[in-house]
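Visitor: I should like to go through this structure with you, element by element. Please begin with the terms, then move on to the details.

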Amino acid sequence: MIDYLKSAFRNLGRKSARTFLTILGIVIGVSSVIIVASISQCGTNSLNSELDSLGLSGLSITTKKGKNVSLTSGDLNSIRKISQVQQASPILVENTNITLRKGTTTALLWGIDTKASDIISVKVLYGRLFNKRDVNTCANVCLVDEEFSRSAYQRSNIIGKSISFQCGGIEQAFTVVGVVKTGTGLLQNLIGDYIPTFVYVPYTTVQASAGRSDFDEIAVKIKAGDSAENVGKMIVSNLDASNGTEDAFVSNNLAKQKDGLIQILDLVTLILSAVGSISLLVASLSIMTVMLVSVNERTREIGIKKALGATRGAIMLEFLFEAALISVIGCILGIGVGYLVSFAGASYLHVILSIRTDIILLATGFSVLTGIIFGVYPAYKAACLKPVDALRQE
């Protein structure tokens, strides 16, 4: 075994430039697979965090269009009394424009209560969340996200600043009491020009401004271990019974929708990985080309070895070791390059990336296997050379 390895290193070193280019092809193929897998991992983790930050980890209770019914405080209390419900929070949502010195910016206005942070993962960077006094007095206070603070004031902490925007159709001034960072901010970094700024105000403030007492939806967090589907059906049934309606309410399992989005991302990853695998397959074909050229160049050497008693098996193993060595070296370097690029990208986007052993094993196995498979024919061809014919070769 050691002798075969020494021989493989020595033979590959004869044509170092050609060997380097062949290994480079393997490096590119393996690193592309690693990078695609890393992008998928970062995307999946970040998407999970982003969707959780929007409350997409529980239930959303709404009313059906065309039904003369709305969600009220009585419905909210009814939901909170269900034993499987950990928390329920009213939500009102409307589009608005924030007026700034430099112009206006589009924003999505969320009316929430003091318990919303238990359902919507909002991380406070500066200031505070809403308290009961803010909700009870319909206070003109708001929370803004960090991206808005930076774009509008070139700094993160803008506590105490006054901003103006429409709430319930009325232009009003609001005092910033908190700056929040929702999720990982990856979506904001990548497509920040296409999604609106998030602004949070007490839901009672939206109600008072719009002259309404109902909610757009009720976000519900289910206790661990309970089925979201079953609890959703129970909530809808209870609301229909208490309102004297039939099939007027809808329970959306947001966690299920989130899983659907994750599955789509996994499918995209599978397609991209297949493309990366094709490049690895092409690189493996170059191994066969190089080994065939090597057989032709070393025909006389093979004849001498066979004349001295070398068996077919020994000749075949010698060339197979060379093919496998090219694959292994290229695979190791490819994994290193792939993760180096992946960690650099993750650092730039401020996301966490961990090393996936399953992808490493898959890339290594595929690379070495294809390298050996495409090295079999050249090795077989070398092993089948007749000593007399090989010695005649110049």
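Guide: Helices and strands here are DSSP runs, numbered from the N terminus, with at least four residues for a helix (H or I) and at least two for a strand (E). Please bear in mind that this is a predicted model.

Visitor: How many helices and strands are there in the chain?

Guide: The protein chain has 13 helices and 10 strands. Of its 394 residues, 43% are buried. Among contacts between residues at least 6 apart in sequence, 78% join residues at least 24 apart.

Visitor: Where does UniProt place the transmembrane regions?

Guide: The unreviewed UniProt entry gives the feature "transmembrane region" at residues 20–39, 267–293, 314–339 and 359–380. In the model, residues 314–339 are 100% helix and 0% strand, with 37 Å between the end C-alpha atoms. Residues 359–380 are likewise 100% helix and 0% strand, and there the end C-alpha atoms are 31 Å apart.

Visitor: Take threonine 370. Is it buried or exposed?

Guide: Threonine 370 counts as buried because its relative accessibility is 7%, and the cut-off for buried is under 20%. The residue belongs to helix H12, which covers residues 357–383.

Visitor: And what does threonine 370 touch?

Guide: Setting aside residues up to four places away in sequence, threonine 370 touches Leu281 and Ser284.

Visitor: What about the loop before H12; which residue there is worth a look?

Guide: Isoleucine 355 sits in the loop between helix H11 (312–349) and H12. Beyond its neighbours within four places in sequence, isoleucine 355 contacts Tyr339, Phe343 and Ile360. Its C-alpha is 9.8 Å from that of glutamine 41, although 314 residues separate the two in sequence.

Visitor: Is valine 341, in H11, buried or partly exposed?

Guide: Valine 341, which lies in helix H11, counts as partly exposed because its relative accessibility is 44%. Valine 341 and serine 32 are 9.9 Å apart, C-alpha to C-alpha, and 309 residues apart in sequence.

Visitor: Changing topic: which residues touch the most other members of the largest nonpolar core?

Guide: The largest nonpolar core has 40 residues, and Phe165, Val220 and Ile235 touch the most other members. Another core, of 25 residues, lies apart from it; Val30, Leu280, Ile315 and Ile335 are among its members.

Visitor: What is isoleucine 235 in contact with?

Guide: With neighbours within four places in sequence left aside, isoleucine 235 is in contact with Leu59, Ile61, Ile79, Ile82, Val85 and Val220.

Visitor: Ile82 is on that list. Where does isoleucine 82 lie?

Guide: Isoleucine 82 is in the loop between helix H3 (73–80) and strand E2 (85–100). A relative accessible area of 8% is why isoleucine 82 counts as buried. The C-alpha atoms of isoleucine 82 and isoleucine 235 are 7.9 Å apart, with their positions 153 residues apart along the chain. Its contacts, again leaving aside neighbours within four places, are Met234, Ile235 and Asn238.

Visitor: Why is helix H7 said to be largely enclosed?

Guide: Helix H7 (residues 203–210) has eight residues and six of them are buried, so the helix is largely enclosed by the rest of the structure. The buried residues are Tyr203, Thr204, Thr205, Val206, Gln207 and Ser209. Glycine 211 follows H7 and has a positive phi, near 65°.

Visitor: Which residue has a positive phi although it is not a glycine?

Guide: Most residues other than glycine have a negative phi. Cysteine 138, however, has a positive phi of about 55°. Its place is the loop between helix H4 (132–136) and strand E5 (141–145), and at 30% relative accessibility cysteine 138 is partly exposed. Aspartate 247 also has a positive phi of about 55° without being a glycine. Aspartate 247 lies in the loop between helix H8 (228–243) and strand E10 (249–253), and it is partly exposed at 42% relative accessibility.

Visitor: Finally, how many cavities of 30 Å³ or more are found?

Guide: A search of the whole structure finds one. This largest cavity holds about 60 Å³ of space.

Visitor: Which residues line the largest cavity?

Guide: The lining consists of Ile112, Asp113, Thr114, Ala116, Ser117, Val122, Leu129, Phe130 and Leu143. By class, six of the lining residues are nonpolar, two are polar and one is charged.

Note on methods: Residues are numbered from 1 along each chain as its sequence is written. This is a predicted model: local features need pLDDT of at least 70, side-chain atom pairs count only at pLDDT 80 or more; totals for chains, interfaces and linings use all residues. Side-chain values use heavy atoms; hydrogens and water are left out. On a 1 Å grid over the protein atoms alone, a cavity is a set of points where a 1.4 Å probe fits but cannot get out, and a pocket is an open set with protein on both sides within 12 Å along at least five of seven lines; lining residues have an atom within 4 Å of a point. Grid points are joined across faces, edges and corners, and a volume is the space filled by probe spheres set on the points. Ala, Val, Leu, Ile, Met, Phe, Trp, Tyr, Cys and Pro count as nonpolar, Asp, Glu, Lys and Arg as charged, and the others, Gly among them, as polar. UniProt positions are given in the numbering used here, feature names are shortened, and annotations may be inferred rather than shown by experiment. Buried means under 20% relative accessible area, exposed over 50%, partly exposed in between (1.4 Å probe, protein chains only). Contact means heavy atoms within 4.5 Å. A nonpolar core is a set of buried Ala, Val, Leu, Ile, Met, Phe, Trp, Tyr and Cys residues joined through side-chain atoms within 4.5 Å.
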